[in-house]
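This report introduces the surroundings of a bound ligand and the pairing of aromatic rings in one protein structure. Please keep the structure in view while reading.

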Amino acid sequence: MQKFLIKNITIVNDGKSLPGDVLINNGRIEKIGSNINTNGSVTEINGENKFLLPGVIDDQVHFREPGLTHKANIYTESKAAVAGGVTSFMEMPNTIPNALTQELLEEKYTIGANTSLANYSFFMGTGNDNSDEVLKTNDKRKDVCGIKIFMGSSTGNMLVDNYLTLDKIFSESEVLIATHCENERIIRENLERVKAENRPLTAADHPIIRDDINCFESSFAAVQLAKKHNNRLHILHISTAKELQLFTNMIPLKDKRITTEVCVHHLHFTSDDYARLGNLIKCNPAIKAPFNKEALWQAMLDDRLDIIATDHAPHTWAEKNEPYEKAHAGLPLVQHSLSLMLHYVKQGKISIEKVVEKMSHAVAECFQIENRGYIREGYFADLVIVDMNAPTTVNKSNILYKCGWSPLEDFTFPASITHTFVNGNLVYGNGVWDESNKGMRLRFDRD
Ligand SMILES: O=C1C[C@@H](C(=O)O)NC(=O)N1
């Protein structure tokens, strides 16, 4: 394996940004220090005026393979991820067929092993009647990131609305349960009410139909179930101020039984953006009124919200441009999540250390990922070099998603991701790709 020495870079890790050198050997971070010298062949990278970050770990992506590969596949989207500084991802089960058996789940791991440029893990899916199969994941808790439950409907019709199924899975699961929390009854009632107005519906109706109360009711139910059975619950894409009362920052992350994710689109867009972007930003849970965005920022900064992710959900341009009710929900973001957060660093809204905490360290802690998420000697060399003074504009020619579009087109980020190492391999360096190595299956340090 090629050996790399990154010289004179600012290393962002564990709440600090310090100058130093990093030696990468045999896939791992061999040494962190100042004035590291090596004899023998080593590829030196000048890190002056640049920042070294641990690779981003995105715990919620939809890469659409198998079955929906007209939208995306694991190869294309993992490549986009790596270009954006994401070195590991956890992928959702609403592929076709839904990942509802251990066999189907393992088929996804095989595709990951053969084609993914980033490290990967796949969630086990839940239906209303596959609880015995779901609970077999207990035996794989070191090899599978968790169980995903759609408590509200979304792409792929994987809604679990049978309370007995939910209660059984919560009572017997020994693995992390990740939930999409929305309340189907409230969504349907809202939809009926808006339809009764007899006017054409538009994307601006989305946060009225999928409203704040709908999210709160479902998150509340998930929290109650987790408290009843003392589960390790992780609630995905929190999108409302109202839900925040359910979460605390009084418990250190490593001791929390209930953790939360906020997504970059809920930190960036608001309902004001429907006028400009329409269905392109239709997603579930919906992007909501501006006061929610401000509350989410506050809660993320004060650690009531634990991690930042994307819910990367690519759909084709044609699928997004259907009339509102038929337009598919979800937006592609995995290539631009880190860049977007670095934009907010430049704006002074968040520090670069906090970005690293929320997108790398805390994700590794939440899922107990082995030897990743930090810049530490002995850890896997999943690393990203960032130039904070090299603006890049999102446009069709540099979007790597198979769907070929982004809700951030024409947006200029102040920073560029110049290099991404995955397991010590320089997969992406100054626009040059080395695709000869594939990512690894994530392992979890769980008892
Ligand atoms: O939960 C989800 C699923 C996702 C998708 O398209 O798979 N799209 C969404 O907007 N939310």
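A polar contact is a pair of N or O atoms within 3.5 Å. The model discussed here is predicted.

**The ligand and its contacts**

By that cut-off, the ligand makes polar contacts with R64, H315 and G330. The table gives the distance for each of these residues, together with the part of the residue that takes part.

| Residue | Part of the residue | Distance from an N or O atom of the residue to an oxygen atom of the ligand |
|---|---|---|
| R64 | side chain | 2.8 Å |
| H315 | side chain | 3.0 Å |
| G330 | backbone | 3.4 Å |

On its own the ligand has 290 Å² of accessible area, and the protein covers 100% of that area. The largest cavity is the space that the ligand takes.

Around the ligand there are 15 residues, of which R64, N94, T155, N284 and A329 come nearest. Sorted by class, this shell holds four nonpolar, nine polar and two charged residues.

**Aromatic rings**

Across the whole structure, a search finds 13 aromatic pairs. For Y374 and Y379, the ring centres lie 6.4 Å apart and the planes stand at 90°, so this pair is edge-to-face; planes over 60 degrees apart fall in that class.

Are these two tyrosines buried or exposed? Y374 has a relative accessible area of 7% and is buried. Y379 also counts as buried, at 17% relative accessibility, because the limit for this class is under 20%.

Ring pairs also join F63, F89, Y109, Y120 and F122 into a cluster.

Key
Residues are numbered from 1 along each chain as its sequence is written. This is a predicted model: local features need pLDDT of at least 70, side-chain atom pairs count only at pLDDT 80 or more; totals for chains, interfaces and linings use all residues. Side-chain values use heavy atoms; hydrogens and water are left out. A residue is near a molecule or strand if one of its heavy atoms lies within 4 Å of it. A polar contact is a pair of N or O atoms within 3.5 Å; within protein, one must be able to donate a hydrogen and the other to accept it, and residues adjacent in sequence count only if both atoms are side-chain atoms. Accessible areas come from the Shrake-Rupley method with a 1.4 Å probe; for residues, only the protein chains shown count as cover. On a 1 Å grid over the protein atoms alone, a cavity is a set of points where a 1.4 Å probe fits but cannot get out, and a pocket is an open set with protein on both sides within 12 Å along at least five of seven lines; lining residues have an atom within 4 Å of a point. A molecule sits in a cavity or pocket if more than half of its atoms lie within 2 Å of its grid points. Ala, Val, Leu, Ile, Met, Phe, Trp, Tyr, Cys and Pro count as nonpolar, Asp, Glu, Lys and Arg as charged, and the others, Gly among them, as polar. Rings of Phe, Tyr and Trp (its six-membered ring) pair if their centres lie within 6.5 Å; planes under 30 degrees apart count as stacked, over 60 as edge-to-face and the rest as tilted. Buried means under 20% relative accessible area, exposed over 50%, partly exposed in between (1.4 Å probe, protein chains only).
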